[in-house]
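This report goes through selected local features of one protein model. The sequence and the structure come first, and the text follows.

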Amino acid sequence: MTLADFLSPIDLNDLGLPVAYYNSQFGKSIDKYVDRFPQWTDEKEKPDIAIFGVLEGRAAVNNNGTQKAPDQVRKYLYELYQGDYTTKVVDLGNIKAGATIRDTYVAVKQVMEELMKQEILPLVIGGGQDLTYAQYMAYENLEQRVEVAVVDAKFDLDQDNPEHMPLNSQTYLNHLILHQPDYLFNLSNVAYQTYLVSKESISMYDKLFFNAMRLGSFAGKLDQAEPIIRAADMVSFDIGAIRASEAPGNANAGPNGLYGDEACQFARYAGMSDKCSSLGIYEYNPTFDPMGQTGMLIAQMIWCFIDGYYSRKKDAPMYPKSNYMIYRTNLEGEDYELVFVKSKKSDRWWMQVPYFGSKSVNERFYLVPCRYEDYQLAVSGEMPDLWWKTHQKLQ
């Protein structure tokens, strides 16, 4: 089977889209699946990013209508002008809803897996956030441990009956965490709002050494979220994490949340990460977006992601060593030193966390993205929480 077997073309006339765009607009530069499926036969023709929509909304709890999102976003995305770079982006059209929702998940998994095998970054426009589970399953056969970052106002899991909950947009994390085989290394929830999350869920995150960053913790300090997003292989963004005044196109939107420019900055962080290999934007419901404000915002988030992608520094992992500065410090009472790495290209920081029990001359370690403040904390004699959590997961 080929990619084209899972995808349906875009109908420009049905969407009311113009036939012609200016050369510098995405509508012109993006190769779209309209009459023929985009083809590439060698590295020169191969795209960097492949966009596709998923016309599935059956498991979007209290938000029926998300299946209309992909085509609505395209209306605004194609109108945007590309930055000062040459884009190699394709729009592969849409995956239609399957006979069952499981059929849709399988189609999303197959398409994403094939794209990633070809080193093409899939950008998914959903659909409900339950599609994050299908996004995660695409990594199953890629033989790697996966770090997941979810931007959401809530933790979409059920603590009362975790093993027997039906899969939907409010329980998909249960299925992701319990999925077998287990290839989940870390899960991070960014921009959650404390009054929307049970203390039991927060306690579970702590026990599993997952990361959770409260919305208020980076108020005016948005860069604190950058290392968490930089660490992720896949990023899932729930539009409900953005406040209703900025993004009304979501039936579950609340009065608090991210501002539109903050959501765009998060998208750019993901694009700039050398590690990020897929992005999904979910829970947009055009039914609640009569003026198109949310659709415009998502289009701008995608623009920022693409802009970030073409601004990648390719400074991870640590090679060659001449491009990095090494900083070492010891904690009082500990028999090992903490090692920090700073990129000369981007000024970004990492911590070296050794694998448990490794005493060889060529000691094996895991590079975890961090901030300069983590280094300052270590110099002052305190163990950074991020180092400790990562060390526990490596045991």
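The largest pocket of this predicted model has a volume of about 1000 Å³. Its lining is made up of 35 residues, and those closest to the pocket centre are Asp233, Asp274, Lys275, Cys276 and Ala316. Two elements, strand S4 (121–125) and S13, give two or more residues to this lining. S13 provides the largest share, four residues.

Two of the residues closest to the pocket centre, Lys275 and Cys276, also come up in the surroundings of Ala231. Ala231 is placed in the loop between helix H8 (226–230) and strand S8 (234–238). Its relative accessibility is 8%, so Ala231 counts as buried, the limit being under 20%. Apart from neighbours within four places in sequence, Ala231 is in contact with Glu147, Lys275 and Pro369. Cys276 is 45 residues from Ala231 in sequence, while the C-alpha atoms of the two are 7.8 Å apart in space.

Ser278 is located in strand S9 (residues 278–282). With a relative accessible area of 0%, Ser278 is buried. The side chain of Ser278 is joined to that of Gln135 by a polar contact of 3.0 Å. Residues up to four places away in sequence aside, Ser278 touches Met112, Met116, Leu121, Pro122, Gln135, Tyr139, Asp233, Met234 and Val235. Asp233, one of these contacts, is also among the residues closest to the centre of the largest pocket.

Strand S9 also takes part in an enclosed space. The structure holds one cavity of 30 Å³ or more, and the largest cavity has a volume of about 40 Å³. Its lining consists of Ile229, Val235, Phe237, Phe266, Ala267, Ala270, Leu279, Ile281 and Met301. The elements that give two or more residues to this lining are S8, helix H9 (260–272) and S9. H9 accounts for the largest share, three residues. Val235 is part of the cavity lining and is also touched by Ser278.

Aromatic rings are the next topic. The structure holds 19 aromatic pairs, and two of them are described in the table.

| Pair | Geometry | Centre to centre | Angle between planes |
|---|---|---|---|
| Phe185 and Tyr366 | tilted | 5.0 Å | 40 degrees |
| Tyr324 and Trp350 | edge-to-face | 6.4 Å | 70 degrees |

Phe185 belongs to strand S6 (residues 184–192) and Tyr366 to strand S13 (residues 365–370), so their pair ties together parts that are 181 residues apart in sequence. Phe185 is buried at a relative accessible area of 10%, and Tyr366 is buried at 15%. Strand S13 therefore appears twice in this account, as it contains Tyr366 and also gives the largest share of the pocket lining.

In the other pair, Tyr324 is in strand S10 (residues 324–330) and Trp350 is in strand S12 (residues 349–354), so the pair ties together parts that are 26 residues apart in sequence. Both Tyr324 and Trp350 are buried. The ring of Trp350 also has a charge over it: the charged end of Arg230 sits there, 4.7 Å from the ring centre. A further case is Lys32, whose charged end sits over the ring of Tyr78 at 5.3 Å from its centre. Ring pairs also link Tyr327, Phe340, Trp349, Tyr372 and Tyr375 into a cluster.

Some backbone features remain. Most residues other than glycine have a negative phi, and most peptide bonds are trans. Gly126 and Gly127 are joined by a cis peptide bond with an omega of about 15 degrees. Gly127 is in the loop between S4 and helix H5 (131–137). Another cis peptide bond joins Gln180 and Pro181, with an omega of about 0 degrees. Pro181 is in the loop between helix H6 (172–178) and S6.

Which non-glycine residue has a positive phi of about 60 degrees? This is Glu119, found in the loop between helix H4 (101–117) and S4. Glu119 is exposed, with a relative accessible area of 65%. Glu143 has a positive phi as well, near 55 degrees. Its place is the loop between H5 and strand S5 (146–151). Glu143 has a relative accessibility of 79%, so it counts as exposed, the limit being over 50%.

Definitions and conventions:
Residues are numbered from 1 along each chain as its sequence is written. This is a predicted model: local features need pLDDT of at least 70, side-chain atom pairs count only at pLDDT 80 or more; totals for chains, interfaces and linings use all residues. Side-chain values use heavy atoms; hydrogens and water are left out. Rings of Phe, Tyr and Trp (its six-membered ring) pair if their centres lie within 6.5 Å; planes under 30 degrees apart count as stacked, over 60 as edge-to-face and the rest as tilted. Buried means under 20% relative accessible area, exposed over 50%, partly exposed in between (1.4 Å probe, protein chains only). A charge sits over a ring if NZ of Lys or CZ of Arg is within 6 Å of the ring centre and within 35 degrees of the ring normal. A polar contact is a pair of N or O atoms within 3.5 Å; within protein, one must be able to donate a hydrogen and the other to accept it, and residues adjacent in sequence count only if both atoms are side-chain atoms. Contact means heavy atoms within 4.5 Å. On a 1 Å grid over the protein atoms alone, a cavity is a set of points where a 1.4 Å probe fits but cannot get out, and a pocket is an open set with protein on both sides within 12 Å along at least five of seven lines; lining residues have an atom within 4 Å of a point. Grid points are joined across faces, edges and corners, and a volume is the space filled by probe spheres set on the points.
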